[in-house]
Amino acid sequence: MSTDMTGKRSRDDDDTMDEGGGHADLEKYLKLIPEIMHKIDITNEQNTSLAKQLEGIDDKIVVMEDSMDFLFEEISKLRQENKDMKYELKNCQGKLVRLESKFLYQQEEITDLKARGMRDNLMFYNILEQREENAYSLIELFMREELKMEDTRNIIIDRAHRVGKIRQPGEKPRPIVVKFNRFQDKISSKTCKKPEREDVRHFGAVSS
């Protein structure tokens with residue numbers, strides 16, 4: 001390094017030193033370029049991966065939106081079905097009330113018909129039960145001989161039969177139910193003189 005008489009460095013020496021330092025910095029920066037490019041590549045890869053992840057998230061969002069739309073449709077259907085079921089239930093309840101009323105009315109009608117049907121019936125008890133008997137003949141005989149009814153020929157009997165389970169020998173005989181054609185004949189049979197021979201099993205008491 002040259003100096004002048006006063007001890008200062010010359011301008012040429014400074015220029016030479018500046019050129020040397022600049023080359024050193026340039027080489028340093030050039031060495032950093034591969035590292036920077038590597039970091040850029042890594043960043044690009046990360047961005048690509050992130051973009052793919054975002055695409056996957058977008059796809060999932062689309063699927064979820066479709067699922068939500070489907071659920072909303074199903075909920076709407078269920079609400080409508082529930083509304084329809086309530087309407088049907090209300091109709092069924094109305095029908096049930098009407099059927100119950102009709103049933104009660106029919107029950108009353110049946111009871112009334114039974115009462116009317118039994119109105120002309122009379123039960124005869126303790127009349128000896130025989131094989132191959134004729135219930136009509138037994139009742140006519142009972143009314144004529146035990147009830148002392150003078151003219152039984154004018155009494156019309158619609159039905160006469162025994163009721164209940166067949167009895168074994170020695171058991172109490174089954175009663176005979178008689179349906180008179182006319183209510184007055186029933187009254188006449190019921191109000192006439194009762195049998196005096198209560199101990200005779202051949203004939204028995206009369207009951208409505």
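Begin the tour of this predicted model by selecting glutamate 129, which counts as partly exposed at 25% relative accessibility. With that residue still highlighted, add arginine 174 to the selection, and the side chains of arginine 174 and glutamate 129 can be seen to meet in a salt bridge, with a distance of 2.5 Å from N to O. Arginine 174 belongs to the loop between β2 (157-162) and β3 (176-180), while glutamate 129 sits in the loop between β1 and α2, so this pair ties together parts that lie 45 residues apart in sequence. The two partners fall into separate accessibility classes, because arginine 174, at 13% relative accessibility, is under the 20% limit and counts as buried, whereas glutamate 129, at 25%, counts as partly exposed.

This salt bridge is one of 5 that the structure holds, and the next two stops show others, both within helix α1.

Select lysine 39 and glutamate 35, which form a salt bridge whose closest N and O atoms are 3.6 Å apart. Both residues lie in helix α1 (residues 11-119), and their separation of 4 residues corresponds to about one turn of the helix. Colouring by accessibility would place lysine 39 among the partly exposed residues, with a relative accessible area of 49%, and glutamate 35 is likewise partly exposed, at 42%.

Move along to lysine 77 and glutamate 74, where a salt bridge is again formed, the closest N and O atoms being 3.9 Å apart; this distance counts because the cut-off is 4 Å. Lysine 77 and glutamate 74 are both in helix α1, 3 residues apart, which is about one turn of the helix. Lysine 77 is partly exposed at 47% relative accessibility, and glutamate 74 is also partly exposed, with a relative accessible area of 28%.

For the last stop, turn from charged side chains to aromatic rings. How many aromatic pairs does a search of the whole structure find? The search finds 1, and selecting phenylalanine 124 together with phenylalanine 142 brings up its two rings, whose centres are 5.5 Å apart and whose planes stand at 85 degrees, so the pair is edge-to-face. The pair links distant parts of the chain, since phenylalanine 124 is in strand β1 (residues 121-124) and phenylalanine 142 is in helix α2 (residues 135-146), 18 residues apart. Are these two residues buried or exposed? Both phenylalanine 124 and phenylalanine 142 are buried, so a surface representation may be best hidden while viewing this pair, each residue having under 20% relative accessible area.

Methods. Residues are numbered from 1 along each chain as its sequence is written. This is a predicted model: local features need pLDDT of at least 70, side-chain atom pairs count only at pLDDT 80 or more; totals for chains, interfaces and linings use all residues. Side-chain values use heavy atoms; hydrogens and water are left out. Rings of Phe, Tyr and Trp (its six-membered ring) pair if their centres lie within 6.5 Å; planes under 30 degrees apart count as stacked, over 60 as edge-to-face and the rest as tilted. Buried means under 20% relative accessible area, exposed over 50%, partly exposed in between (1.4 Å probe, protein chains only).
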